[in-house]
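Open the model in your viewer and keep the selection box handy. This tour goes from stop to stop, telling you what to pick next and what you will find there.

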Amino acid sequence: MATTIADDLRPMHHPKTWVGKYVWSQDHKVIAIQYGVTAIAIGLVALVLSVLMRLQLGFPGLFPWIQPENYLQYVSMHGMIMVVYLLTALLLGGFGNYMIPLMIGARDMVFPFVNMLSYWIYLLSVLVLVSGFFVPGGPTGAGWTLYPPQAISEGTPGNQWGIVTMLGSLAIFIIAFTMGGLNYVTTVLQARTRGMTLMRMPLTVWGIFIASIMGLLAFPALFVAAIMMLLDHLLGSSFFMPAMMTMGQESNTQGGSPLLFQHLFWFFGHPEVYIVALPAFGIVSDLISVHARKNIFGYRMMVWAIVIIGGLSFLVWAHHMYVSGMNPYFGFFFATSTLIIAIPTAIKVYNWLLTLWRGDIHLRVPMLFAIAFLFTFIHGGLTGLFLGNVSVDVPLSDTFFVVGHFHMVMGVSPILVIFGAIYHWYPKITGRMWNETLGQVHFWVTFLGVYAVYLPMHYLGILGVPRRYYALGETSFIPESAHLANEAISVAAIIVFAAQFLFFYNMIWNLLRGPKADPNPWGAASLEWQTPQTPPGHGNWGPHLPTVYRWAYDYSVPHASRDFIPQNEPPSAEAPSEEAAL
Amino acid sequence: MRVAIAIVALVLGSIVFHLLSPWWQTPLASNWDSIDSALHITLVICAIAFISLNLFLALAIVRFRHRPGNRAHYAPENPRLERTLTFWTGLGIVGMLAPGLVAWGKYVDVPKDAAVVEAIGQQWQWTFRYPGPDGVLGTAGVQYMTPDNPFGVNPLDPFGRDDILVQGNELHLPKGKSVKLVLRSKDVLHDFYVPEFRAKMDLVPGLVTYFWMTPTTNGTFDILCAELCGVGHHEMRGTVVVEPRESFEAWLGQQESFNQLLAMSSPDAVTEMFRKANSCSTPATWGVR
């Protein structure tokens, strides 16, 4: 049974050297931090690329060293880094690694060695990705979607070398993810401590658990697509390459289908949205519950919504392809399935709001980020209904409306959750406390700034401004004021960019000089706050594993002396168990 | 407290921005008012949800913010409330989806009497082909292309001989006549996009794609490429001129047919076209009848 693995102390080899402890570490917490730091580091590259894009769009011609090929390379690398190498790696490799064992009461992941391997292979994938900046021709400029034939044809930047490093890096990343993902799923299923039933797990674990299962099912589609395109490019096969001309010459390819790639890509790509979103949903549920001192409203519904969203997300991929030239009759099915997925998603939003209702809301920095997430996610979720609703998508697809929508829903929203989560768990992870004022300033500039960046983009898109344009040039329908909007967006983006350095300063400075943190500063009930040491030591729980008596949301229980009851506190008159009421 | 004020301000600000924004849909110049009305219905339903959810959020923050002595209410779930909310959400979804699907039903249903016009994309320009007096486009494909036959029209196909080939970036359409735009690409993906027509569709090498519409306003509009096609993507422009039937016919009469192209080409060039066509082992994939 699960407990035998979790309680077994024998496999715990306590590291003896500095290298064993911090470099080739098999401790899930160290691996989590390695994942997190690497992901944020490469994320910074993507952040800089986004500023370069905004410089070009806001002030075309002012920066002569940004040429069309550079611009497209920024677009492509920014997108791929943010979606895969930052968000997926940080939420699953980072938060997944740190939180799963602590939240379910395990000593570590069930396969610590594979876990370590997963990180180092991830690091390799990042290095291969970065090498794209240094190969002849630079990184690929085919867009993050990497659609063939242009990804490997003349006229696209990086079509010789850059695309190889990109596809190679993705394949390596997927190997790393598979090792991690199998670990997360197995750990949740096998290593829960006594009393930790599935329906007592915090929603953070549920979100990461379902996202990991989805990743294991979705990433293989991208893997085969990457390998097939590599074969097309390097060995001259024609999986995705039809008979065509390249720069006036007839190609020697024939019979391949560019649409096949798009299907494979989006069969991965749409679940990927939820691979990023579900952990964020889970984490934000816990932030809201803890800081509102109230149990998450409709826990069981929340769990089922996560599971249903996870399942349905495999049936909606072709809503990215309404105008791709696939059989247009598919549109009926995919529009319907896409709008159905809005129902469980809406339920989650209602339940977050109803958790706040009649709560005791402490507006600390993590909670502010959670509230900002609610606002941006409501916005981004609703604009998704435009794009999912097949005929409405036709005028909007490939315009800035799409850019505004997906940044709001899967860029800004999960990143606000990540900020909230870092502020929330920082005291547990480091044992130190960050500076409140800096946190507040960082929050306000980021929240208001991103809305100033993305709201106008929707309107430019409705006007018809296409995306992935190096310059708008002369058109009959884009008024001069749209250029002004672009300038304003760029200025807002640069301010938001600058504000992130407050965050880094706050985190790094207080790591060394911050005041010592309380082991449970927010009064949270879930297990990760109940460790004997802060930060938790190797093996997490000292000599004895905790026993769990209740769900993770016993906040403000009537007749209890405190407004939270830790999960591992046995039922008593002081700490009644209200769970039976469920 | 401040965050609640900020959320209310952002909601009001969004409404004001929406009302005052100079950036909105271009004036419609095609029959696709059903797409526009589906968009407007979606907008209204989403706006109601956006405003009410966020105001509820702000209200909850104001009313239940922490003050000394406060304690949260304990309420794990309320299945009745959750069912009610699910029902109303479902109703809103149906309200958006129904007009969307009805519009899509029209989009996929090309009228029988629609005129056929072909738009051909290549990095980074547009060319166009009209079927000529017989009303049928001849087969074409990259395997027939020679420097003197840039459209790749099959010289062995009698239906192709009267096809009218337009080399410039300018497409002409008669006002009020439904047209099925047949799309093909010589090289990579492109997308035929005229904002005023609302409709758009990708061009996929190896496939023939299509959409249909009826131009309803005389005028000159931009054709943009809306699918990333390389470094010149943003410069891949064309124009479409919608004009009365008579001036359209007059314009079309001045364009060159494939027969005229053959007549004007050097004998060597024509020999090369036929040699290429005869050596084709695979059937043309671009033929549209």
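## Stop 1: Chain B as a whole

Select chain B first: 44% of its 289 residues count as buried. Please keep in mind throughout that this is a predicted model.

Colour chain B by secondary structure, and you should find 6 helices and 11 strands. Now turn the chain around. Its C-alpha trace spans about 100 × 40 × 35 Å along the principal axes. The radius of gyration of chain B is 27 Å, whereas a compact globule of 289 residues would have one near 19 Å.

How do the contacts in chain B divide by distance along the sequence? Taking contacts between residues at least 6 apart in sequence, 74% join residues at least 24 apart.

## Stop 2: The two domains of chain B

Next, give the domains of chain B separate colours. Domain 1 is made of 2-65 + 77-107, and domain 2 covers 115-278. How far apart do the C-alpha centres of domain 1 of chain B and domain 2 of chain B lie? They are 40 Å apart.

Zoom in on where these domains meet. Here 9 residues of domain 1 of chain B are in contact with 13 residues of domain 2 of chain B. On the domain 1 side of this contact you will find 5 nonpolar, 3 polar and 1 charged residues.

Now select residues 112-254 of chain B. UniProt, in an unreviewed entry, lists this range as "domain: Cytochrome oxidase subunit II copper A binding". Over residues 112-254 of chain B, the chain is 6% helix and 38% strand. The C-alpha atoms at the two ends of that range are 27 Å apart.

## Stop 3: Strand β5 and its partners

Stay with chain B and select strand β5, residues 179-185. Is this strand mostly covered or mostly open? Strand β5 of chain B is mostly covered, with 6 of its 7 residues buried.

Add strand β1, residues 115-122 of chain B. It runs parallel to β5(B), and 7 bridges join the two. To see the pairing up close, show V116(B), which stands opposite K180(B) in β5(B).

Then add strand β8, residues 209-213 of chain B. β5(B) and β8 pair in the antiparallel sense over 5 bridges. Pick V179(B) here, and look for its bridge partner M213(B) in β8(B).

With side chains switched on, one general point may help your eye: in a regular strand the side chains alternate between the two faces of the sheet.

## Stop 4: A hairpin

Move on to β6(B) and β7(B), which pair in the antiparallel sense over 4 bridges. Show H190(B), and you will see it opposite L203(B) in β7(B). The two strands form a hairpin with 6 residues between them. Which residue in the turn has a positive phi? Select R198(B), where phi is about 70 degrees.

## Stop 5: Where chain B meets chain A

Bring chain A back into view and select the residues that touch across the two chains. The contact takes 82 residues from chain B and 99 residues from chain A. On the chain B side, the elements that give two or more residues are α1 (2-20), α2 (33-63), α3 (79-107), β6 (190-193), β7 (200-203) and β9 (219-225). Colour this side of chain B by residue type, and it divides into 48 nonpolar, 21 polar and 13 charged.

## Stop 6: Over to chain A

Select residues 18-549 of chain A. An unreviewed UniProt entry lists them as "domain: Cytochrome oxidase subunit I profile". Over this range the chain is 67% helix and 1% strand, and the end C-alpha atoms are 38 Å apart.

Now colour chain A by domain: domain 1 (24-240), domain 2 (298-511) and domain 3 (518-582). The C-alpha centres of domain 1 of chain A and domain 3 of chain A lie 35 Å apart. Their contact takes 14 residues from domain 1 of chain A and 16 residues from domain 3 of chain A. Helix α4 of chain A, residues 68-104, gives the most to the domain 1 side of this contact, with 4 residues. That side of domain 1 of chain A divides into 6 nonpolar, 3 polar and 5 charged residues.

## Last stop: I308(A)

Finish by selecting I308(A), found in helix α9 (residues 299-312) of chain A. Why does I308(A) count as partly exposed? It does so because it has 17 C-beta neighbours inside 10 Å, and 20 or more would be needed to count as buried. Display I210(A) too: I308(A) and I210(A) are 98 residues apart in sequence and 9.9 Å apart in space, C-alpha to C-alpha.

Conventions:
Residues are numbered from 1 along each chain as its sequence is written. Chains are lettered from A and ligands numbered from 1 in the order in which they are written. This is a predicted model: local features need pLDDT of at least 70, side-chain atom pairs count only at pLDDT 80 or more; totals for chains, interfaces and linings use all residues. The radius of gyration is taken over C-alpha atoms; the globule rule is 2.2 Å times the number of residues to the power 0.38. A residue is buried if 20 or more other C-beta atoms lie within 10 Å of its own, exposed if 12 or fewer, and partly exposed in between; C-beta atoms are placed from the backbone. Two residues are in contact if their C-beta atoms, placed from the backbone, lie within 7 Å. Ala, Val, Leu, Ile, Met, Phe, Trp, Tyr, Cys and Pro count as nonpolar, Asp, Glu, Lys and Arg as charged, and the others, Gly among them, as polar. Domain bounds come from an automatic or database domain assignment. UniProt positions are given in the numbering used here, feature names are shortened, and annotations may be inferred rather than shown by experiment. Two strands pair if DSSP finds at least two bridges between them.
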